[in-house]
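Grab a pencil and work through these exercises with the structure open beside you. Try each task before you read its solution.

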Amino acid sequence: MNVGLPHFLTVSAVLFALGLFAVMSRRNTVAILMGVELMLNAANLNFVAFSRYVQRGIDGQLMAAFVIVLAAAEAAVALAIVLALYRNYGTVHADTAQSLKR
Amino acid sequence: MSDQGIITAAISILLLPLLSYTLTFFFGKKLPRKGDFIGVTLMGIALIQALRIFITFWQIGNPAHRVEQAYHWLDLGGGFRLDAGILVDGMTSVMLMVVCLVSFLVHLYSTGYMHGDRRYERFFAFLGFFTFSMLGIVLSNNLFFLYVFWELVGLSSYLLIGFFFHKATAAAANKKAFLTNRVGDWGFWLGILTFFTACGTLNYFDLFAQVHAGAIKGPLLAWAGVGLFMGCVGKSAQMPLHIWLPDAMEGPTPVSALIHAATMVAAGVYMVARLAPLFGPEALMVVLYVGAITAFVTATIALVKTDIKRVLAFSTLSQLGYMVMGLGAGDPVNAMYHLTTHAMFKALLFLGAGSVIHAVHSQEMPEMGGLRKKMPITFWTFLIATLAISGVPGLSGFYSKDGILGSVLAVGMMKGHYLPFILGITAAALTPFYMFRVVFLTFFGKPRDQHKFDHAHESGWSMAIPLMVLAFMTLISAGIPGKTADKGWFSRFAAPYDVAAISAQYEAKHGGLVVASAEPAAIAEAGAALAEPAAAHGENLHAEAAPAEGGHEAAAAHGEAAAAHGAAAGGHNSHVRHTAHVRAMIMSILVATLGIGASWWTYHKLRVNPAAIQARLPFAHKVLQGQYFFDELYAATIYRFTLWWSVVCAAFDRVVVDGIVNGAGYLTRLVSWVSGLCDRYIVDGAVNGVATVLQGAGEGIRRVQTGRIQTYLVYVSASVLVLIVIYRVL
Amino acid sequence: MIRDLVFVLLALLTVVPAFWVVFSRNIVHAGFALLFTLVGVAGFYGFLGADFLAVTQLMVYVGGVLVLVLFTVMMTHVPAVGRRRHGLDRLVPPAVFAAAVFGVLYKVITVVKWNVGEASTSPTTAEIGTQLMTNYVFPFEYVSIVLLAAMVGAAILIRERSHAGSDDAIAEEKQEARP
């Protein structure tokens, strides 16, 4: 098989598509967040793979490191929002919070 | 200290009061003692730094030595650039010393004087802000930043005069000060702009070189100089813009000492002294007369005032008149010397007056008397200051005032303008008279208000220490004459600018002058060169001043005078100056004795009844008491004209503008009516049709807006896909 | 050959639990499945010679984010099972689009001629540290500010909402804290 760049990119694409699907279809906000994490990881995988095979530097890895940090921040805020949602609506379902509609 | 060390110290001096302001303003309320220790401590550090710079320049002992550092700030294109620069030389170091010392002592004094005030911390914040602005004026190396800090000083003085803003008089006084200063600043700014346009630079020394090279000359130079001088007239309260200073006594007394005696009003004098080469002979003549008139007129007003602070205010005006007169006589060194000595003894007088006011809770001298025993420290320090301001030989005021009067007399002898000297010497006779009147009425005799007298007591240490320090400074600021130069210690720090040398430096730095018209520069240089031997054998007071003076005058007279004539004038001048100084000294000792004696005869021995004189000369008394009715004059002319003009403008507005507007309105209404008809029947039909269609569409599209984020995400990903497909296809 | 084997194992470790994350009805199970996926990605990092990132991934994601997720799951008291998913009308379009996105990505991956070259694998930590302190120092500082802001924001979001002034709110919180 001789593992190369396309293989990594394919795995990453699978992860991305799965994450996207989770984000679009799950009702539970926590699950949506998990989908987002999957997508971020897919992107990171791409960065590292490109950094290794194409760009041959350290920049891709640095970018991935920044993404990890921002993902952590995002998770903290998002989970705080989930808690606030739960406190206000008594549920963590994304489609209950639709006051924007009115 | 190295040059870099001087710059660093100067910047730290500038920023420390700002730090004090920031800390006190924002955190003062929450700190113990409302944060007054911050201001006192930081000003103490600044004072130490100023002292270090002062000592450094003392050791250097060369007035021409200067340290300058500019930071590129703003480039306007076309060669116009603004620098934020620091300039430190001997004159600056003296001013730093004066400002920091007085400011520090006033901070200390205020901890006692303002104790218990509701806005105590705000007061200290404003003091810090003022000190920062004033130091900015002192340290700036170009006209732009000078102007910026000039306005900041105006602002802080506004804030401090109106500190008791709940008093209507204080609120009116600070408004008056601000507006009056605006008039002066208008001229100042015009002057700055003129120089900038003509010379393309705002840096002091570049300007000197440009002016020396003749980049600006003739009437334009004269008018630009008068413009700059207007700034001085406003800030240093010269006639006819002096009206704000007496009213500014509504501020707390430490403020009067700091701003309206020692520092802020000195800014104008400092500015003119700093920019001396920018003033042509015509402008200097204006300066001379304005100063002389101010010195005399305000001294006469001080004779009749009974409010102790007002007497001091008018005496300040009079002394400022002296300084300006000195500047006008082409002797900025003695003007600055007088500024320095005056700062010490006038701050002392004000703080002493504050101490008295604090003790008896009144500013009216007829309610005081006999306080000598009750307040010994205040009395003795006040007496020292009074002797100094009166021009008693051996004390600082004598040397500085005498220097100015000598120069004025020299100008009179050379050019035939004797009036300024006569006014000046008369004021010198009046000064000891009214100052000793204050001393006798306040500290001697029998208490005139027993209740207030019983209540009086010596002030606490925080107020007494500044008094003693200032008294000490007053005593030593006369210096020890003799050893280095005849003019005493001050000649180590200031000398007239050597414009030719500055020009040469400038040329070396820039490789030629930008606006060089060779002829006048050559004449001036020839004049300077020829004046030198003439001055070399002169062993008199102004030996080292002569070359530059000669060069300056030759440059000024380049139109009519040949170079040889300039040299002759240089030699002649120094001789005349020597004679003038000796005569002036004798006369001023005479008039000082006369003034003190008359005051003693009248107010201590009570041999003359002032009330009788008052009754004999009702008109004169009325004029003096009414301060020559300047306020009334302005009220009758400027204010009334402004009001009349406003009425005219309002009428114009009502009749013409409103008429046009109303006419336009009527026309518009007519057109609207026609257009309304069209609208209703033609446009509305179309609009309603469109609206119906849109409403239907909206009803449909509304269903798309589910409010569910996830649905939106589906739309987004679908759109992205569609875009990719389109991109591929196209 | 061993590289291929390792790759396949890592791919399985990553993708299979990812399916579980997406399709599991039990949110707690999904969380634990995510754990495996993240570990698998960390493995990929190591495989690609990014040792520093692999460790970071483990520490931040597995150690931090995932614990946070699980905590939230527990704090919001969602019953473990019996949660209905969306109806089919809300499942089909996402599925279609997700598949389409995957299709496009795969197409891109296979069509493009990648300019590939093999890099030497050496420890990267020191290099990353140097870069963070030199070329990337601004993003580095910036990210720290973002983290701080996120922390403050999260703290504010989950504060008890009060109707009276803030002092009252604190008092209420204190009372609530007392059992």
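Two residues count as in contact if their C-beta atoms, placed from the backbone, lie within 7 Å. Keep in mind that this is a predicted model.

**Exercise 1.** Describe the make-up of chain B and its contacts.

Solution. Start with the secondary structure: chain B has 27 helices and two strands. Next, look at burial: of its 730 residues, 52% are buried. Finally, take the contacts in chain B with a separation of 6 or more: 80% of them join residues 24 or more positions apart.

**Exercise 2.** Which residues have the most contacts inside the largest nonpolar core, and which helix gives the most to this core?

Solution. The largest nonpolar core holds 213 residues, and Cys100(B), Val269(B) and Ala347(B) have the most contacts inside it. Helix α14 of chain B, residues 332-360, gives the most to this core, with 17 residues. Now zoom in on Ala347(B): leaving out residues up to four places away in sequence, Ala347(B) touches Val102(B), Ala257(B), Ala261(B), Ala262(B) and Leu470(B). Another core, of 76 residues, lies apart from that one, and includes Ala31(A), Ala18(C), Val39(C) and Phe52(C).

**Exercise 3.** Work out how chain C meets chain A, then how chain C meets chain B.

Solution. Take chain A to begin with: 60 residues from chain A and 68 residues from chain C make up the contact. On the chain A side, α3(A) gives the most, with 21 residues. By class, that side has 49 nonpolar, seven polar and four charged residues.

Now turn to chain B: five of its residues are in contact with six residues of chain C. The chain B side splits into four nonpolar, one polar and no charged residues.

Conventions
Residues are numbered from 1 along each chain as its sequence is written. Chains are lettered from A and ligands numbered from 1 in the order in which they are written. This is a predicted model: local features need pLDDT of at least 70, side-chain atom pairs count only at pLDDT 80 or more; totals for chains, interfaces and linings use all residues. Ala, Val, Leu, Ile, Met, Phe, Trp, Tyr, Cys and Pro count as nonpolar, Asp, Glu, Lys and Arg as charged, and the others, Gly among them, as polar. Helices (H or I, at least four residues) and strands (E, at least two) are DSSP runs, numbered from the N terminus. A residue is buried if 20 or more other C-beta atoms lie within 10 Å of its own, exposed if 12 or fewer, and partly exposed in between; C-beta atoms are placed from the backbone. A nonpolar core is a set of buried Ala, Val, Leu, Ile, Met, Phe, Trp, Tyr and Cys residues joined through C-beta atoms within 7 Å.
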